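Me: Could you take a close look at one part of this model for me? I'd like to hear about one strand and what surrounds it.

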Amino acid sequence: MAGSRHPAEERGRFLDVQLHPVRKLRVHWPISGTTFGQLSKGEPDAFRDDPGIAHLLQALAEFRELGDFGNYKHVFESSLGFEGFTTAEGANPTLGRVGEQTLSPTFVFTTYFDASLEDAAVERFMRHLVDIHPWEVPVIEVTGPISVSSTALAPTAEAPMAEGAAAS
């Protein structure tokens with residue numbers, strides 16, 4: 001639309017988008033078929049109703065370093081999928097039997113933390129996740145540094161008008 005401005009500009013601020021070096025944390029968490037169905041239908045109450053997901057989100061919220069995007073805290077993305085595995089001799093599986101392939105509905109939780117975070121802090125939240133995870137061997141991924149966008153709204157002395165916009 002000609003002459004329109006971004007809502008932030010309308011409020012007298014401009015967007016300051018920068019890349020920020022972070023590491024990605026991804027946790028694969030088993031869920032019930034019922035929870036899978038609720039989430040796939042877009043029912044957000046499933047986040048509170050499923051005790052496993054609620055426990056995961058509560059634990060991760062305890063670590064202020066996770067999902068810190070300046071004005072937004074505890075930022076995460078999630079997706080649904082399936083984990084597949086065959087349990088070997090010597091394992092003590094939570095789901096499935098030794099020698100059989102098992103498929104598990106899975107909630108995949110992804111968040112980010114500052115790439116400069118000390119190893120001891122990363123070790124603390126990783127140890128906590130392993131302690132609360134229901135699997136004998138949980139799938140938890142931590143990447144090396146990557147960059148994500150980090151946006152902040154900055155006030156301006158005088159917000160510039162977009163070309164063709166009329167003054168009010």
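Reply: Here is a walk along that strand, followed by a helix pair and one odd backbone angle.

A bit of housekeeping comes before the details. This is a predicted model, so local features need pLDDT of at least 70 and side-chain atom pairs count only at pLDDT 80 or more, while totals for chains, interfaces and linings use all residues. Residues are numbered from 1 along each chain as its sequence is written, and side-chain values use heavy atoms, with hydrogens and water left out.

The strand is β3, residues 101–114; helices (H or I, at least four residues) and strands (E, at least two) are DSSP runs, numbered from the N terminus. Let's start with Thr 102, which sits in β3. Thr 102 is buried, at 8% relative accessible area (buried means under 20%, exposed over 50%, partly exposed in between, with a 1.4 Å probe and protein chains only). Setting aside neighbours within four places in sequence, Thr 102 is in contact with Glu 83, Gly 84, Phe 85, Leu 95, Gly 96 and Arg 97, where contact means heavy atoms within 4.5 Å.

Pro 105 is in β3 too, and at 18% relative accessibility Pro 105 counts as buried. Its contacts, again without neighbours within four places in sequence, are Trp 29, Pro 30, Ile 31, Ser 32, Gly 33, Phe 36, Gly 81 and Phe 82. Take Gly 33 from that list: its C-alpha atom is 6.4 Å from that of Pro 105, although the two are 72 residues apart along the chain.

Now for the rings. Rings of Phe, Tyr and Trp (its six-membered ring) pair if their centres lie within 6.5 Å; planes under 30 degrees apart are stacked, over 60 edge-to-face and the rest tilted. By this rule there are eight aromatic pairs. In one of them, Phe 47 and Phe 107 have ring centres 5.7 Å apart and planes at 80°, so they are edge-to-face. Phe 47 belongs to helix α3 (residues 46–49) and Phe 107 to β3, so the pair ties together parts 60 residues apart in sequence. Phe 107 is buried at 1% relative accessibility, whereas Phe 47 is partly exposed at 22%. Both belong to one aromatic cluster, formed by Phe 47, Phe 76, Phe 107 and Phe 109.

Further along, Phe 113 and Phe 125 have ring centres 5.1 Å apart and planes at 75°, so this pair is edge-to-face. It links distant parts of the chain, with Phe 113 in β3 and Phe 125 in helix α5, twelve residues apart. Phe 113 is buried at 1% relative accessibility, and Phe 125 is buried at 1%.

That brings us to α5 itself. The axes of α4 (residues 51–61) and α5 (residues 119–132) come within 11 Å and cross at roughly 160°; axes are lines fitted to C-alpha atoms, for helices over the stretch in contact, and angles run from 0 to 180 degrees between N-to-C directions. That makes α4 roughly antiparallel to α5 (angles over 145 degrees count as such, under 35 as roughly parallel, 65 to 115 as roughly perpendicular and the rest as oblique). His 55, Leu 56, Ala 59 and Leu 60 of α4 make the contact with His 128, Leu 129 and Ile 132 of α5.

Last, the odd angle: His 74 has a positive phi of about 55° although it is not a glycine. His 74 lies in the loop between α4 and β2 (77–86), and is partly exposed at 39% relative accessible area.
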